[in-house]
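Reader: I am new to this one and would like to understand the words used for it. Could you show it to me and take my questions in turn?

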Amino acid sequence: MTAQQLSQPQPPAGAPVLTAALDRALTAVSTPMFTGAVRWWVSGTNGGIELRTAVSGNIPVSVQRPTRVAAGSALLAARLAIAVAGYRPFTTLLPDHRRPGILAVLRKGGAAEPNQSERALYGALVQPAVERAGRPIGVAATLPLLRRAADTEGAWLRSSLDPGDRTRMEALLDESGGAVPSGGLLVVVGSHHDLPTGDLRAGLAVQRVLLCAAALGLSAEVLAGPVELARRSHELPGAGPGLVPQVLLQVSSPIG
């Protein structure tokens, strides 16, 4: 995404600030996050921004799902950029069922000061990680905040506090060829249904959880995505009727 893609013939007041914030935010999430995902991009539209990808009805679900989940990171990044630029963001997911490649439309509402959470998450997104002063935060103690982050985006989060759950998560990683972590907390983020909007909400939640962890001074990384989890999703914590595990994360203290 570049500033030129979002430029307008007569940009509204504050547009340079907004464009700069969008550039920084979307650049920060430009690295591919999941196996099987194809690229996403943004383009300007009348009064807003379209989040697009090259998916269509004849592309396998194994490509569509990770692509939508990965694109959720871009959607949250753009929302935060609009907020810190001084406007209220308004989002419509999958606005036209006849055009599945348009994943979302994001519009700039009226002027409004960003709240403390928006400032903190945007800072965690665009600034290098900094060491927090004072006593380290225990990872388990932050779990309610991480769950709330997922809830905010209409998704869910379950942890590996139960030894049996952790064993199953590690077995899945080992089977898929991923690195099995030696410490930290393993968490699953999932959607409440297997519809396309659920994929986008899971992606939004994953990005919010990652940023929330970073803002709290923790390290967080994606270990497995929708493709890997689909093979044994029924064995993961939180799985059940209508509940779809989408992403496996590790959250840990920077000091180990």
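Author: Gladly! Buried means under 20% relative accessible area, exposed means over 50%, and partly exposed lies in between (1.4 Å probe, protein chains only). This is a predicted model, where local features need pLDDT of at least 70 and side-chain atom pairs count only at pLDDT 80 or more, while totals for chains, interfaces and linings use all residues. Residues are numbered from 1 along each chain as its sequence is written, and side-chain values use heavy atoms, leaving out hydrogens and water.

Reader: Why is Asp165 called buried?

Author: Its relative accessibility is 16%, and buried means under 20%, so Asp165 counts as buried.

Reader: What makes Asp165 and Arg168 a salt bridge?

Author: A salt bridge needs a side-chain nitrogen of Lys or Arg within 4 Å of a carboxyl oxygen of Asp or Glu. The side chains of Asp165 and Arg168 meet at 2.8 Å or less: the N to O value is 2.6 Å, so the pair qualifies.

Reader: Why is Arg168 called partly exposed?

Author: Arg168 has 34% relative accessibility, which falls between the two cut-offs, so partly exposed is the right term.

Reader: How do you know that Glu153 and Arg79 form a salt bridge?

Author: Their N to O value is 2.8 Å, which is within the cut-off, so the name fits. Glu153 lies in the loop between helix H5 and strand E5 and Arg79 in helix H3, so the pair ties together parts 74 residues apart in sequence. Helices (H or I, at least four residues) and strands (E, at least two) are DSSP runs, numbered from the N terminus.
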